[in-house]
Amino acid sequence: MSAISCIDMCKYYRQGDAVIKGLDHVSLEIDQGSFICLSGPSGSGKTTLLNAIGGLDTLDSGQISIDGERVDLLDKAELADLRLFHIGFVFQAYNLIPVLSARENIEFVMQVQGVSAAVRRQRSSEILKEVGLEGMEDRRPAQLSGGQQQRVAVARAIVSQPKLVLADEPTANLDSNSMERLMSRFRELNRVHKVTFLIATHDHRVMQWADRRISMEDGRITRDELQAGKGTPGA
Amino acid sequence: MAMPFSGLSLLAWRNLWRNYRRTLIMLLAITVGVWSMIFMTALLRGMVDNMVRQGITALPGHVQIHAAGFRDDPSVAHRLTRPAGALATVLDSEMVTAWASRIKVPAVISSEQDNRGVVLLGVDPVDEVSLGFVLDDITQGRYLSSSDDPGIVIGQKLLQRLETRLGKRVVVMSQDPENAIAERGFRVVGVFRAELESREESIVFAGREIIQDMLGIGSDVSEIAVLGKHYRTPESLVTAIREAVPADEEVLSWLQLDPFLSSMLKVMDGFVLVWMVVIFMALSFGLVNTLMMAIFERVREIGLMRALGMRPSAIVYQILVESLMLLGLGLLAGNVLALATIIWLADGIDVSGVAKGMEMMGASSMMYPVMEWPDLVLANLVVIVLGIITSLLPAWRATQYRPVEALGKT
């Protein structure tokens, strides 16, 4: 059974008289432990697909299952629990809580999960070091650069080791070194903990890391191919 | 999953101060609202308390015992024997702070120049002082020294009306049990002032034994006035006394003897609650507006928290905690300010400019704030309970945003 199963998903947006196809009869099967990049021009449906799988948006038709459970049938509280315990999000616009420090932002999800303060502290310290933000734990988002904020957002998404990470342009605003470190970390999580990654990106350097590339255009999948991703044996 | 309270509190506290100007303005509004609730209530309570005490202390007491028919015909024909047996036991018990038996009959007092209808009180001065008569009220001469003191003490206003003065003689005339005229001459040994001028004109004090002798009624009395622990709770005292006296004797609390005062008290209790609710209703518009604005500014953030897995109920709790913090700070400041004002004005506010109007209501021209702990608790409860209710709408509104829409807001 696939970890993620999407069947004939449709999502349409209305702008006045015009109908914009966010997702147009999209079907997709994703195995646990996949490392997938979504590519395509702006408005192709990448973000819509990520939002639908993550339960952030509803479909007009079709169904989504994660580990056999229908996401489209869950209520608000169940969806919240799904996102909390099983999915890590990296949004296009970082989206940090402005009144919390970098460390507190990273610990936020763990705190809602009920993880103890000591464990939260330990994990957040480790991840801050990994993303190169040691010494900046107590800074608030307004005191961080765009790239630093992005790293905090990524750290928040992966610190609780979710089963699925949905990342929308996670490497925007990152320099090459930071990008390489981040993707390497993603790959490690994928390899060691079988975390499934679905990354929407324009960045060709990021696409090289994927085992599978899915191209989208006008709400449809135009190409779906396997490749030897960077950081995997045989790449 | 719900975020622990410590996390919610931290988030709520920091969000409260994101727009510190708006928060401070709202805090000021809550502080002033709470201050006015507590202080104005204390002032009103003091006024009513003063009215009630003026009305019942010193003379009527909390409970009165009369012979049947006395209230309809307060003459010497309706008399009581002096307390003995079971009644004496009750009057000696812890339920009773003080008691006094007295003669109370209508009479006419005449000087060389004029005469007036008065209520003649034959008293034991020691008992009357313990019941509440204040010796400082004597402005000229002295009060009675004993129950067989041959002198008379009259009010300042009556002294003026009779065009007499301290040391002069007056004649007091009443009716004895056989309806014959009973009269006696007295020397004015003392003059008293009262908060109410009407009392100064209508009441005269003489020794109880002297009046008993003048009326030929032996040791009988007209009424027994009893002071309990608190004027608000005379019922238990009434019950105890009723069980100790013959069935034909009338035992009534001040609530029954003075229905006007009694209703004033009930109206006051209701008014206090209405006053507090009205104040809070005015405050609540500001509170709702403040919270709605705060939520409107944080739509994206709320969407983010939902996206990260925070349940809608946790969003509601966070907003409510934020609201409670705001209310809590306002309550603290308002309570402190109100208590400080009450302490500062403990010596009273002089409203003698409207003394006549106050006297018509039975209140004195000095207003003393009286804070009762139930009022303080009520004010705080009203703010907290109504505050939570008022905050529910903005909190619910916060959960209605779909995460994907909220995240897209700028």
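Which residue in β6(B) is the bridge partner of B:Ile109? The partner is B:Val172, and the first view below shows its surroundings. This is a predicted model, in which local features need pLDDT of at least 70, side-chain atom pairs count only at pLDDT 80 or more, and totals for chains, interfaces and linings use all residues. Residues are numbered from 1 along each chain as its sequence is written, while chains are lettered from A and ligands numbered from 1 in the order in which they are written.

**View 1. Strand β6 (residues 169-175) of chain B and its antiparallel partners.** Helices (H or I, at least four residues) and strands (E, at least two) are DSSP runs, numbered from the N terminus, and two strands pair if DSSP finds at least two bridges between them. β6(B) is joined by three bridges to strand β2 (residues 98-110) of chain B and by seven to strand β7 (residues 181-192) of chain B, where B:Phe186 is the bridge partner of B:Val170. Side chains alternate along β6(B): B:Val170, B:Val172 and B:Ser174 point to one face and are buried (20 or more other C-beta atoms within 10 Å of the residue's own, C-beta atoms being placed from the backbone; 12 or fewer is exposed, and in between is partly exposed), whereas B:Arg169, B:Val171, B:Met173 and B:Gln175 point to the other and are not buried. Five residues lie between the strands in the hairpin of β6(B) and β7(B), where B:Asn179 takes a positive phi near 65°.

**View 2. Helix α5 (residues 146-158) of chain A.** Because 11 of its 13 residues are buried, α5(A) is largely enclosed by the rest of the structure. The buried residues, including A:Arg151 and A:Arg156, pack against β6 (87-90), α3 (102-113), α4 (117-130), β7 (164-168) and α6 (176-193) of chain A.

**View 3. Packing of helix α12 (residues 312-344) against helix α14 (residues 373-399) in chain B.** The helices pack at an angle of about 145° with their axes 8 Å apart, the axes being lines fitted to C-alpha atoms over the stretch in contact and angles running from 0 to 180 degrees between N-to-C directions. Among the residues that meet are B:Ile315 and B:Leu327 in α12(B) and B:Ile384 and B:Trp396 in α14(B).

**View 4. B:Ala307 in helix α11 (residues 299-308) of chain B.** B:Ala307 is buried, with 25 other C-beta atoms within 10 Å. Leaving aside neighbours within four places in sequence, B:Ala307 is in contact (C-beta atoms, placed from the backbone, within 7 Å) with A:Leu56, A:Arg83, A:Phe89, B:Pro403 and B:Leu407.

Terms used
Contact = placed C-beta atoms within 7 Å. Expected span 1.5 Å × (residues − 1).
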